[in-house]
Amino acid sequence: MIYQCLQNVVATTVLWTKPVPRWSQRDPNDIRTVVINVLEGSTKVHLSWNYALSDGSDLRTTTFSINDGTGWNDIGVIYHSDNSTVIYDRNNYKTRFNISEERHLNWVERPLSVVVVERHNITLQWTYMKTLGIASTFREAKLIDLSRGETTILEKAVTTLPHVNEAYRPRFHVDYIQDTKASITIVGLQRSDGGRYRFDVKTHRKDIDQLNTLSSIMELSVQYAANMTNVSDHQIVREGSVLQLFCQASGNPAPNITWTKVPENSDHYGKALLHGSTWKFTSINRTASGSYNCTADNGIGCPIWRVTEVNVTYPAKVIKLASEHEVAGKKSVNLQCEAEGNPQPAYTWSPCDPQNQACHESTLTISNVLYDAVYSCNVANGLGSDTRRTNVVIVDTVINASLFINEQCHGEALSVSVLLENLKAKIDEIFENEEGYTSTELANFRCRSAIVDLALKFNSSTKQDKVLTMLRDSANSGALKEFCVRASEVVAWRPNSSTYSIKCIQNRGKLQCKPQALCAQHYPAKVVKLFSEHQVAVQGGVSLHCEADGNPRPAYTWSPCDPHTQACHQSTLNISNVFNEAVYSCNVANILGNDTKKTKVDGNVDMSTTSSYVKSGPHHSDKPYYSRESIEDDPFIAASTHSLNSVDRRDRKRDSSVNYGYQPDGRELRLLANTLAPYDALFSSS
């Protein structure tokens with residue numbers, strides 16, 4: 001069935017509030033249909049329409065109609081002039097329908113649930129219009145805070161000004177309260193303002209002289225941005241332990257909390273890995289180390305975040321070290337030990353010479369490999385340690401070995417050459433079936449005993465230890481018996497620059513050998529040559545030469561010296577711009593000792609821009625002595641040697657073929673000639 005309610009009214013606006021949706025009717029021909037669901041089989045149904053009229057309206061009649069599929073039929077009408085009701089006598093309408101009206105004040109607009117952001121302003125408005133032409137006037141109104149014990153926030157009577165409770169001043173104030181509407185504004189909302197409020201308004205109905213009270217409860221929700229309240233501090237945890245990160249935040253609405261892990265070497269956060277305030281690791285591993293970002297966001301303001309650093313510690317362990325390093329004799333090799341651990345492991349190599357090697361770095365450099373050896377790399381941190389070993393083996397195409405021939409060995413009298421030829425033949429016999437073996441050279445006799453140095457040659461790289469083992473096995477088996485060589489007397493040797501000579505003779509059936517020269521001797525480093533003074537023009541350049549001797553070979557150190565622009569550990573120090581006088585030291589050192597000598601560089605000498613002079617001393621004469629070396633090093637003097645020798649030194653007459661220096665006048669010419677006078681003897685002798 002379709003029912004309708006038609007009003008005969010003189011009004012600008014009729015506000016229909018029920019059934020929903022509410023709408024304002026300004027055109028009397030604008031008719032809208034609303035569907036009302038009714039339970040099938042119901043014996044009684046209540047249909048109601050609520051409406052409010054604008055001021056000045058004249059409501060005359062209200063007609064109710066029904067459309068049962070055959071068209072519209074009026075059920076009845078209400079005449080508002082005398083409040084009479086007529087139900088038409090057809091289709092049994094009088095027994096089926098009852099028509100009535102209720103006259104009262106009605107809420108037209110009122111806030112029920114209000115959501116506002118903190119620190120914003122909100123204006124609350126209520127509209128209570130008259131129904132069916134009821135005339136009413138405002139009497140009093142109150143706004144009551146129900147969340148704080150029904151505290152009256154503000155009130156107004158028809159005869160008084162609005163009064164605001166001091167506790168709510170000045171943020172709550174009345175915009176207006178009138179016969180049909182009221183408006184109240186709250187400035188700078190605080191999160192404590194959230195709660196339930198009730199607005200009461202009383203009006204006077206003139207027709208029956210009655211006070212009417214309307215009350216409306218409102219829920220005010222103040223939203224505010226998320227705020228971190230409790231976040232995990234930075235964590236240091238042992239691998240395998242349980243770790244729980246927490247991130248708690250407040251806000252309205254409740255913040256959404258997400259966790260992300262910040263990728264290494266990146267300023268951007270990765271994708272969310274977890275949603276929630278707690279992240280638990282039941283058995284954390286080292287890959288979990290890093291920065292964890294907790295973000296709280298509730299859509300109010302900007303998201304906030306905090307970073308928690310997680311440092312997972314674990315014991316030191318060697319993860320990479322080659323079990324063997326092959327290297328040619330007297331060559332260098334780098335042993336690289338790769339380790340992991342947190343905290344960072346400390347390295348210790350053994351054996352290691354701390355004066356010449358970096359014993360606590362991941363790489364150990366052996367600059368001159370003389371023998372096979374085993375090296376250990378130990379790594380350690382506060383949680384544990386680990387050690388791994390590597391073998392350094394000499395592999396070369398020439399393997400050097402020394403045999404110690406016992407002086408007490410008796411045998412037939414043989415010449416040294418025959419003895420050595422027999423030994424060479426025996427070595428060839430021992431290695432004749434060894435793949436790659438080609439020959440053996442008898443390299444030398446060495447001092448103090450009959451020590452034979454052999455150089456065994458191969459056409460491919462061969463391990464030294466293998467060759468020595470074969471020689472020792474031969475000594476143990478008696479293959480070298482005629483030479484009285486024991487296995488323990490087969491060792492490796494390294495050729496050096498020293499020359500040895502040994503004389504061997506047969507004396508009563510035994511071989512006696514005596515060295516003709518001493519073995520190579522070691523002696524401290526010493527400076528043997530450095531000029532005491534160098535003179536150079538202002539802003540000129542000079543090279544300081546320091547010659548030293550020593551075994552082992554000395555290391556050089558100049559001071560003062562700038563390692564970024566100068567070679568501070570070479571025998572020659574180059575100074576590109578000399579501005580004043582300075583003293584430079586040349587220090588030479590080896591493991592047996594050190595020596596230092598100094599030289600003065602005078603940069604205040606006024607001389608030709610193309611010439612420099614080096615003075616040496618002390619000399620047997622008291623006069624400055626100029627070294628011939630300085631003449632050869634100076635391009636100006638070297639180029640002018642022949643021309644200067646051609647000058648008549650008695651009158652120093654000018655010769656156009658001679659470069660006399662920087663100044664052209666006679667005084668400067670004499671000065672140059674006098675300056676170079678000490679070179680006369682050198683020129684004449686050359």
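**Disulfides, cores and aromatic contacts in the predicted model**

The structure holds five disulfides, and the description that follows rests on a predicted model. One of these disulfides joins Cys352 to Cys359, with an S to S distance of 1.9 Å, and the torsion of -90° about its S-S bond makes the link left-handed. The two partners fall into separate classes of accessibility, since Cys352 counts as partly exposed at 22% relative accessibility, whereas Cys359, at 8%, counts as buried. The cut-off behind this assignment is 20% relative accessible area, under which a residue is taken as buried.

A further disulfide is formed by Cys546 and Cys586, whose sulfur atoms are 2.1 Å apart, and with -85° about the S-S bond this link is left-handed. Cys546 is placed in the loop between β39 (542-545) and β40 (547-551), while Cys586 belongs to strand β43 (residues 582-590), so the disulfide ties together parts of the chain that are 40 residues apart in sequence. Both Cys546 and Cys586 are buried. Cys561 and Cys568 are likewise joined by a disulfide, with an S to S distance of 1.9 Å; the torsion about their S-S bond is about -90°, and the disulfide is therefore left-handed. Within this pair, Cys561 is partly exposed, with a relative accessible area of 23%, and Cys568 is buried, with a relative accessible area of 9%. Cys302, by contrast, counts as exposed at 65% relative accessibility.

Asn298 was examined for its surroundings. This residue is found in the loop between β23 (290-297) and β24 (304-320), and with a relative accessible area of 11% Asn298 is buried. When neighbours within four places in sequence are left aside, Asn298 is in contact with Tyr224, Ala225 and Ala226, and also with Gly251, Asn252, Pro253, Ala254 and Pro255. For Pro255, which is 43 residues away along the chain, the C-alpha atom is separated from that of Asn298 by 4.3 Å. The side chain of Asn298 also takes part in polar contacts, reaching the backbone oxygen of Tyr224 at 2.8 Å, while a polar atom of the Asn298 side chain lies 3.1 Å from the backbone nitrogen of Ile300. Tyr224 is in addition the partner of a charged group, as the charged end of Arg191 sits over the Tyr224 ring at 3.7 Å from its centre. A comparable arrangement involves Arg286, which lies over the face of Tyr314 at 3.8 Å from the ring centre.

In soluble globular proteins, nonpolar side chains tend to be buried together. In the present model the largest nonpolar core comprises 28 residues, of which Trp126, Tyr128, Leu143, Phe172, Phe199, Val201 and Leu220 touch the most other members. The elements that give two or more residues to this core are β9 (113-117), β10 (122-129), β11 (136-145), β12 (151-157), β14 (172-177), β15 (181-186), β16 (195-205) and β17 (210-231). A second, separate core of 25 residues includes Phe431, Phe458, Val485 and Ala487. Returning to Leu220, and not counting residues up to four places away in sequence, this side of the analysis gives contacts with Val114, Val116, Ile186, Leu189, Asp193, Gly194, Gly195 and Tyr197.

Aromatic pairs number 12 in the structure. In one of them, the rings of Trp107 and Tyr128 have their centres 5.8 Å apart and their planes at 85°, so the pair is edge-to-face. Because Trp107 lies in strand β8 (residues 106-109) and Tyr128 in strand β10, this pair ties together parts that are 21 residues apart in sequence. Trp107 counts as buried at 11% relative accessibility, and Tyr128 counts as buried at 0%. Another edge-to-face pair is formed by Trp259 and Trp279, with 6.1 Å from centre to centre and 65° between the planes. Distant parts of the chain are linked here as well, Trp259 being in strand β20 (residues 256-262) and Trp279 in strand β22 (residues 278-281), 20 residues apart. Trp259 is buried, with a relative accessible area of 0%, and Trp279, at 13% relative accessibility, also counts as buried. Ring pairs further link Trp107, Trp126, Tyr128 and Phe199 into a cluster, and among the members of this cluster Trp126, Tyr128 and Phe199 are residues of the largest nonpolar core.

Conventions
Residues are numbered from 1 along each chain as its sequence is written. This is a predicted model: local features need pLDDT of at least 70, side-chain atom pairs count only at pLDDT 80 or more; totals for chains, interfaces and linings use all residues. Side-chain values use heavy atoms; hydrogens and water are left out. A disulfide is a pair of cysteine sulfur atoms within 2.5 Å. Buried means under 20% relative accessible area, exposed over 50%, partly exposed in between (1.4 Å probe, protein chains only). Helices (H or I, at least four residues) and strands (E, at least two) are DSSP runs, numbered from the N terminus. Contact means heavy atoms within 4.5 Å. A polar contact is a pair of N or O atoms within 3.5 Å; within protein, one must be able to donate a hydrogen and the other to accept it, and residues adjacent in sequence count only if both atoms are side-chain atoms. A nonpolar core is a set of buried Ala, Val, Leu, Ile, Met, Phe, Trp, Tyr and Cys residues joined through side-chain atoms within 4.5 Å. Rings of Phe, Tyr and Trp (its six-membered ring) pair if their centres lie within 6.5 Å; planes under 30 degrees apart count as stacked, over 60 as edge-to-face and the rest as tilted. A charge sits over a ring if NZ of Lys or CZ of Arg is within 6 Å of the ring centre and within 35 degrees of the ring normal.
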